Amino acid sequence: MLSVTVRELVKSTAPVLKTHGEALTRHFYARMFEGNPELKQVFNQGHQQSGQQQQALALAVAAYAEHIDDPSVLGPVLERIAHKHVSLGIRPEHYAIVGKHLLASIREVLGEAASEALIHAWAAAYGQLADVLIALESQLYAASAAKAGGWTGWRGFKVVGKVPESAEITSFYLRPADGGPLPDFLPGQYLSVRLYIPELGLMQPRQYSLSDAPGKRSLRISVKREAAGSGPAGRVSNRLHDDIQEGDVLDVAPPQGDFVLDVEAGTPVVMVSAGVGITPMMAMLNTLLQRQQEGGPARELRFIHACRSAAVHAMRDEVAQAAGRHANVRRHVFYEQVGERDRLGVDYDHAGRVDWQRIAHDAVLPEADYYLCGPLPFMRAQHEALSALGVPAGRIHAEAFGTGGPGC
């Protein structure tokens, strides 16, 4: 338990961290990668270049300082961080390295404001936070190793299928190269995939949502090709699309992630996605239909998806067939750009962006849980719209692609 003095000192830095936290975290990452360059292979360098990782860490550090009296309120955030850390192979010994560079960065960025008492207070606070995360991650590592077909760290998976889903998204079907069994997972979880990127001279990890139900003969991930420039962003997705073929072997970490479907409930489910955000929704949809075919409840399902045009509409036929075969499944597909050959009611259902006023009569269901996935602006818009329609906050579950979840 931290002393009152320590907690007050840490809390006193919360306003500074909210204002200048990103400068601190940029300094921290630059310092850490200079002192421990081997960690460049652990962290997504695309997020480093874009500033996403620095911003995410700055917000997390400021929130921890603000809630130091009761860190339990940050439980959901810490659980999500723990899943991400396990997916990247972060181990207890890494915390000492991070702590050293974080404390040094506080001293170097704050200058005279960083008194010895403040540094000691943050050392104690960081130690408490590290202990919490190490304990959470230990449980996740143990669970991954104990399940049938489970493991920890990286394991070779052979690409046994490569299927284009749209102009931007390609699915990869993976099986263990060692011939062992596949692991179980929860619909909504993701895999980390690690590739060597020659232009960077580094192994680079990325997270991709599992896009089909568990219990199949292979694991499926569906990857969007991201624009690649001179930096690290988009390098992994482009290498997967261009260079990785059937028969190649990828490094894969066990399934992780806390954005998961409640498969045991019997209440309605509304899935709302945009672009590549459709991938975890496919795992959820196929899991529910699989359980239904095995005698489980026929839960009311609404599948709402937004994309720019038919060219980038992935899994169109798969969703259409599910809606056509099951009376409890209805879809609402929105195209921002409708082409001359696009068939209303077949390829898409609505022109424009997701408009809840047009679909609320069918898609806002009593006691339903809403699962949202897509770019952050899309997520915010859907959350606001659902809240305005009276959907309780506890019924809205969201996964934004970026530093907190699957990326590209």
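**Close-up views of a predicted three-domain model**

Lys216 is partly exposed, with a relative accessible area of 36%. That residue opens our first view; please keep in mind throughout that this is a predicted model.

**View 1. Lys216 pairs with Asp212 in a salt bridge.** The closest N and O atoms of Asp212 and Lys216 are 3.1 Å apart. Is Asp212 buried or exposed? Asp212 counts as buried, because its relative accessibility of 13% falls under the 20% cut-off. Lys216, at 36%, is partly exposed, so the bridge joins a buried acid to a partly exposed lysine.

**View 2. Arg353 and Glu336 meet across two loops.** Their side chains form a salt bridge, with 3.7 Å from N to O. Arg353 sits in the loop between β10 (350-351) and α11 (356-363), while Glu336 sits in the loop between β9 (329-335) and β10. The pair therefore ties together parts that are 17 residues apart in sequence. Look for Arg353 on the outside: it is exposed, with a relative accessible area of 63%. Glu336 is partly exposed, at 44%.

**View 3. Glu8 and Lys11 form a salt bridge within helix α1.** Both residues belong to α1 (residues 4-12) and lie three residues apart, about one turn of the helix. Their side chains come to 3.2 Å, N to O. Both are partly exposed: Lys11 has a relative accessible area of 24%, and Glu8 has 42%. Which residues are linked with Glu8 and Lys11 in a network of salt bridges? Arg7 and Asp69 join them there. If you would like the wider tally, the count for the model comes to 29 salt bridges.

**View 4. Ser166 lies in the loop between β1 (155-164) and β2 (169-176).** With a relative accessible area of 16%, Ser166 is buried, because buried means under 20%. A polar atom of the Ser166 side chain lies 3.1 Å from the backbone nitrogen of Ile169. What else does Ser166 touch, leaving aside residues up to four places away in sequence? Its contacts are Ala311, Val312, His313 and Ala314.

**View 5. Domain 1 meets domain 2.** Here we step back a little. The chain is divided into domain 1 (4-146), domain 2 (155-256) and domain 3 (269-400), and the C-alpha centres of domain 1 and domain 2 lie 28 Å apart. At this interface, 15 residues of domain 1 are in contact with 15 residues of domain 2. The size of an interface is often given as the accessible area lost when the parts come together. Between domain 1 and domain 2, the buried area is about 1200 Å², with carbon and sulfur atoms giving 52% of it. How many salt bridges are counted between these two domains? The count is zero, but nine residue pairs are in polar contact across the interface.

**View 6. Three helices of domain 1 each give two or more residues to the side that touches domain 2.** These elements are α3 (45-50), α5 (75-88) and α7 (116-146). Helix α5 provides the largest share, five residues. By residue type, this side of domain 1 divides into five nonpolar, eight polar and two charged residues.

How values were computed. Residues numbered from 1 in each chain as written. Predicted model: local features only at pLDDT ≥ 70, side-chain atom pairs only at ≥ 80, totals over all residues. Heavy atoms only, no water. Domains from an automatic or database assignment. Contact = heavy atoms within 4.5 Å. Buried area = accessible area lost by both parts, 1.4 Å probe. Salt bridge = Lys/Arg side-chain N within 4 Å of Asp/Glu carboxyl O. Polar contact = N/O pair within 3.5 Å; in protein donor to acceptor, adjacent residues only side chain to side chain. Helix = DSSP H or I, 4+ residues; strand = E, 2+ residues; numbered from the N terminus. Nonpolar A, V, L, I, M, F, W, Y, C, P; charged D, E, K, R; others polar. Buried < 20%, exposed > 50% of the residue type's maximum accessible area, 1.4 Å probe, protein only.
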